[in-house]
Amino acid sequence: MKTKKTQLSISSSLYEVIDEPPPFSVPSERLQKLTEPSLELNYTGFAVSDNSLSFRDRNFPGVSLAEWTDWKWQIRNSYTSFNKLEKIINLSEDEKGFKEQSLNLPIRITPYYASLLDADDSLQPLRKTMVPVLNELVVSPGEESDPLGEEHDSPVPLIVHRYPDRALFLVTGFCSAFCRYCTRSHMVSKKDKMHSRTSEIDNAIDYIRQHPEIRDVIISGGDPLTLEDSRLEYILSGLRAIEHVEFIRIGTKVPAVLPMRITPALVQMIKKYHPVFMSLHFTHPSELTPETREACNRLADAGIPLGSQTVLMEGINNSVEVYKKLTHELLKVRVRPYYLYQCDPIPGSAHFRTKVEDGLKIIRGLRGFTSGYAIPQFVIDAPKGGGKIPLLPDYVVGKENGDVVLRNYENKIFRYPDYT
Ligand code: SF4
């Protein structure tokens, strides 16, 4: 077995650091027809917590509430380098030991999310997910830049078509915050993937139109909610016009890292294209701030079914106590825990990855001890395109004399007569 670790060597010329949401140019006459939000809907009226306010006053003196709650201001003023970050946190030796140019994925943290980082504790869970450390440069055996083999299942640019009735539509390579464990770091922020062209979007929609077996489209990226409303509406309306597309899902981390993006205008627009579901990416209970609760409630009030996806990570959320707290907080804002993922083996991810047994312990610690709605499916997205494989603790002990022998959550053995 190969055990050799190597140093990641990346040229920063591969990626692009930008200050604005990446556009793709939709013909203006189509945009006007699609979106005409009223003045009232453009007003965000967003809740701002005391924590956010005090961070703003310390680090952005003179910035108004209207600016702070403007999602584009947040993107423009994001922390994109160690130089900026060291103004708000005391960098540890592990964090400052290298140049950001050597990173595969650049740094990007919204001011809002930065307000949640502990200035002194480099082991704080949220800080570990956003601030790079030296271990990120160490490539371990089995790690690959596209661990799910999505590029092999891409018949046309922007589309991954692996399962018969579903297609993944990767509409942008931009996110408002870059997670250090990102499965799609091979495309996120990369110069050739950041800006989708209108022709590529149109071709991808055409591909879906020509494949009547596709009934479920997952819009992902990057983060689709970093597109302007009009761009997102261009995509949603194009998909909704296809008769065999029964439902549409959007995958996003925006409610956790840029909650002010969930404006009344955005939810009004999305509502027009129901059924639209959302998979929200959450990592830790401390992400459930007043702002994020407001964002989730706005989405739920718009009739959007919400599920959460969480990557299991060492020292961040790999305990029953932390994960259970996260699921309880999510249910309070009508987000149903959906998937708990084993961390994908991207280059430089060994320090994040946990043993599979940790995930099984979490499921064992939830089943029977809390509401069934709080229990996600624990899955490994199998390397090289094997798809999601669910993992369960051993509740089935075996078969005996026509009975199934079962173990319950208290470790007691029961028999069920398995014949009819
Ligand atoms: S939000 Fe998702 S796609 Fe974007 S960096 Fe994080 S994990 Fe990757």
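Four bridges join strand S7 to strand S8, and the two strands run parallel. This pairing belongs to a predicted model, and the report below starts from the strands and works outward to the core, one helix and a few unusual backbone spots.

**Strands S6, S7 and S8**

In the pairing of S7 with S8, His-281 stands opposite Gln-309 in S8. S7 also pairs with strand S6, residues 247–252, through five bridges, and these strands too run parallel. Here Ile-248 stands opposite Val-276 in S7. Between S7 and S8 the chain passes through a helix: S7, helix H15 (residues 290–301) and S8 make a right-handed β-α-β unit.

**The chain as a whole**

The chain contains 17 helices and 14 strands. It has 420 residues, of which 38% count as buried. Among contacts with a separation of 6 or more, 78% are between residues 24 or more positions apart.

**The nonpolar core**

Which residues have the most contacts inside the largest nonpolar core? They are Phe-169 and Val-217, in a core of 85 residues. Helix H12, residues 229–240, gives the most to this core, with five residues. Leaving aside residues up to four places away in sequence, Val-217 touches Ala-167, Phe-169, Ile-208, Leu-239, Val-245 and Ile-248. Ile-248 is also the residue that stands opposite Val-276 in S7.

**Helix H17**

Helix H17 covers residues 356–366, and its buried residues are Gly-359, Ile-362, Ile-363 and Leu-366. Seen down the axis of H17, these residues fall within an arc of 95°, so they line one face of the helix. The spacing can be understood from helix geometry: an α-helix has 3.6 residues a turn, so residues three or four places apart point the same way.

What do the buried residues of H17 pack against? Their partners are strand S8 (306–312), helix H16 (320–332), strand S9 (335–342), strand S10 (377–382) and strand S11 (387–391). S8 is thus a partner of H17 as well as a strand paired with S7. Just after H17, Gly-368 takes a positive phi of about 90°.

**Unusual backbone spots**

Two residues that are not glycines have a positive phi, and the table sets out their values.

| Residue | Phi | Other C-beta atoms within 10 Å | Loop |
|---|---|---|---|
| Leu-158 | about 80° | 21 | between strand S2 (138–139) and strand S3 (159–160) |
| Arg-334 | about 65° | 14 | between H16 and S9 |

Are these residues buried or partly exposed? Leu-158 is buried because 21 other C-beta atoms lie within 10 Å, and the cut-off for a buried residue is 20 or more. Arg-334 has 14 such atoms, so it is partly exposed. The loop that holds Arg-334 lies between H16 and S9, and both of these elements pack against the buried residues of H17.

Cis peptide bonds also occur in the model. The bond from Gly-221 to Gly-222 is cis, with omega near 20°. Gly-222 is in the loop between strand S5 (216–220) and H12, the helix that gives the most to the largest nonpolar core. The bond from His-274 to Pro-275 is cis as well, with omega near 0°. Where does Pro-275 lie? The loop in question runs between helix H14 (264–271) and strand S7 (276–281), and S7 is the strand that pairs with S6 and with S8.

Key: Residues numbered from 1 in each chain as written. Predicted model: local features only at pLDDT ≥ 70, side-chain atom pairs only at ≥ 80, totals over all residues. Buried ≥ 20, exposed ≤ 12 C-beta atoms within 10 Å, placed from the backbone. Arc of directions from axis to C-beta. Contact = placed C-beta atoms within 7 Å. Core = buried A, V, L, I, M, F, W, Y, C linked by C-beta atoms within 7 Å. Pairing = 2+ DSSP bridges. Right-handed = clockwise from strand over helix to strand, strands pointing away.
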